[in-house]
Amino acid sequence: FDSKEKQVLLNQVVCEHLLRNGHIDVSDALINEAELNDSSTENKKKPFIKMNYILNKLKERDVQPALE
């Protein structure tokens, strides 16, 4: 990429994709490696972590977390 800004944007998009697909640990590694650590990154992770928790509970046939 021809600029640092474009590379940061690409890394953010990849991180969001990983979070959407439940790869929290891989996303964390990319965040640390690409030095994307800031308060907005943590705020973006929270909904994905909750969504993946609910999806895992639904796979176990536990609907309670989805209803909360």
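**Salt bridges around helix 3**

Let's start at Glu 60, which is exposed, with a relative accessible area of 55%. Keep in mind that what you're looking at is a predicted model. Glu 60 has a partner: it forms a salt bridge with Lys 57, and the closest N and O atoms there are 3.6 Å apart. Lys 57 counts as partly exposed, at 22% relative accessibility.

Now step back to helix 3, which covers residues 39-59. Its 21 residues reach 31 Å from the first C-alpha to the last, close to the 30 Å expected at 1.5 Å a residue. Just past the end of this helix, Arg 61 takes a positive phi of about 65 degrees.

What's tucked away on helix 3? The buried residues are Thr 41, Lys 45, Phe 48, Asn 52 and Ile 54. They pack against helix 1 (4-20), helix 2 (24-33) and helix 4 (64-67).

Lys 45 deserves a second look. It counts as buried because its relative accessibility is 9%, and buried means under 20%. Lys 45 also forms a salt bridge with Asp 28, with the closest N and O atoms 2.6 Å apart. Asp 28 lies in helix 2 and Lys 45 in helix 3, so this pair ties together parts that are 17 residues apart in sequence. Asp 28 itself is partly exposed, at 25%.

Next door in sequence, Lys 44 pairs with Glu 16, their closest N and O atoms being 3.7 Å apart. That salt bridge links helix 3 to helix 1, across 28 residues. Both partners are partly exposed: Glu 16 at 26% and Lys 44 at 37%. Arg 20 joins in too, linked with Glu 16 and Lys 44 in a network of salt bridges.

Notes
Residues are numbered from 1 along each chain as its sequence is written. This is a predicted model: local features need pLDDT of at least 70, side-chain atom pairs count only at pLDDT 80 or more; totals for chains, interfaces and linings use all residues. Side-chain values use heavy atoms; hydrogens and water are left out. Helices (H or I, at least four residues) and strands (E, at least two) are DSSP runs, numbered from the N terminus. The expected span of a helix is 1.5 Å times one less than its number of residues. Buried means under 20% relative accessible area, exposed over 50%, partly exposed in between (1.4 Å probe, protein chains only). Contact means heavy atoms within 4.5 Å. A salt bridge is a side-chain nitrogen of Lys or Arg within 4 Å of a carboxyl oxygen of Asp or Glu.
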